[in-house]
Amino acid sequence: MNAIKLYQSIVNEQIFHEFKEQRGVSLFNHSANSNYIEDFISVAYVLCPNIIEVNGYIFIADFFETQEDKALDKLLKLESQFNSNKKHIEQWVNSWSFGDFFLGKDCESMDNEKILKQFGDILVYNWMRRAKELFPNRNIIAEYSEGLMGELGLSITLYEQ
């Protein structure tokens with residue numbers, strides 16, 4: 001006899017009950033009823049962003065200047081500012097407030113700690129997988145916390161340990 005085994009998502013499907021407005025009968029259904037194809041594609045990019053390596057430093061490309069001359073100049077300024085502390089430089093560049101992911105989209109869910117932490121767990125899971133895929137032999141950390149590197153509220157960052 002074959003056994004049935006369910007492999008749980010990284011998202012707790014019960015978070016759906018925290019939503020003020022439910023557009024469907026399940027979390028999956030809510031997503032299908034809420035997003036255009038462009039929304040899915042842009043969210044996939046946020047979950048699996050471009051990453052740039054500059055002289056051994058790891059940065060989310062959207063948070064760092066990617067033109068070679070400007071990137072190297074910026075890195076030199078950061079090394080001076082942070083006394084060449086690699087971890088602090090990466091944390092500072094890669095820190096992003098959760099609120100900045102939703103500019104102009106303020107809603108009650110932004111005040112719901114369960115929903116915000118679920119969002120953080122999703123980002124951490126995906127950014128860690130991305131980092132492990134690109135840098136399997138390096139100890140890259142993605143984490144979220146309150147007020148990282150001067151950001152407001154819960155924020156995410158990525159750095160090499």
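This is a short tour of a predicted model, going from the whole chain to a helix pair and then to a few loop residues.

**Stop 1: the whole chain**

Start with everything selected and the C-alpha trace displayed. Along its principal axes, the trace of the protein chain spans about 55 × 45 × 30 Å. Colour by secondary structure next, and you will find five helices and five strands. Reading from the N terminus, the order of elements is α-α-β-β-α-α-β-α-β-β.

Now switch on a surface. The protein chain exposes about 10,700 Å², and carbon and sulfur atoms supply 52% of that area. How much of the chain counts as buried? Of its 161 residues, 33% do. If you like contact maps, here is a figure to keep beside yours: among contacts between residues at least 6 apart in sequence, 49% join residues at least 24 apart.

**Stop 2: α3 against α4**

Select residues 68–81, which form helix α3, and residues 86–94, which form helix α4. Their axes come within 9 Å and cross at roughly 120°. Because that angle lies outside the 65 to 115 range for roughly perpendicular and is not over 145, the pair is classed as oblique. As for handedness, α3 passes α4 in a right-handed crossing.

Show side chains at the crossing. On the α3 side, the contact is made by L75, L78 and E79, while α4 contributes I89, W92 and V93. Try colouring these by residue class: the contact has five nonpolar residues, no polar ones and one charged residue.

**Stop 3: the loop between α3 and α4**

Stay with the two helices and move to the loop between them, where N83 is placed. S84 is found in that loop too. Which backbone angle deserves a look at N83? Its phi is positive, about 50°, although N83 is not a glycine. Step along to S84, and you meet a positive phi of about 60°, again in a residue that is not a glycine.

Are these two residues buried or exposed? N83 has a relative accessible area of 70%, so it is exposed. S84 comes out at 47% relative accessibility and therefore counts as partly exposed.

**Stop 4: from E79 out to Q8**

Keep E79 of α3 selected, since it takes part in the contact with α4, and add Q8. You will find Q8 in the segment before α1, the helix at 27–34. Draw a distance between the two C-alpha atoms: Q8 and E79 are 42 Å apart in space and 71 residues apart in sequence. With a relative accessibility of 58%, Q8 counts as exposed.

**Stop 5: the loop between β3 and α5**

Last, go to the loop that runs between β3 (96–97) and α5 (113–134), and pick S109 there. Which residues does S109 touch, leaving aside those up to four places away in sequence? They are I115 and L116. For a longer line across the model, add I41: its C-alpha lies 22 Å from that of S109, with their positions 68 residues apart in sequence.

D106 lies in this loop as well. Its relative accessibility is 71%, so D106 counts as exposed. To finish, select G24 and draw one more C-alpha distance: D106 and G24 are separated by 21 Å, although they are 82 residues apart along the chain.

Methods
Residues numbered from 1 in each chain as written. Predicted model: local features only at pLDDT ≥ 70, side-chain atom pairs only at ≥ 80, totals over all residues. Heavy atoms only, no water. Axes fitted to C-alpha atoms, helices over the stretch in contact; angles between N-to-C directions. Helix = DSSP H or I, 4+ residues; strand = E, 2+ residues; numbered from the N terminus. Left-handed = near helix turned anticlockwise from the far one by under 90°. Contact = heavy atoms within 4.5 Å. Nonpolar A, V, L, I, M, F, W, Y, C, P; charged D, E, K, R; others polar. Buried < 20%, exposed > 50% of the residue type's maximum accessible area, 1.4 Å probe, protein only. Areas by Shrake-Rupley, 256 points an atom, 1.4 Å probe, with all protein chains shown as cover.
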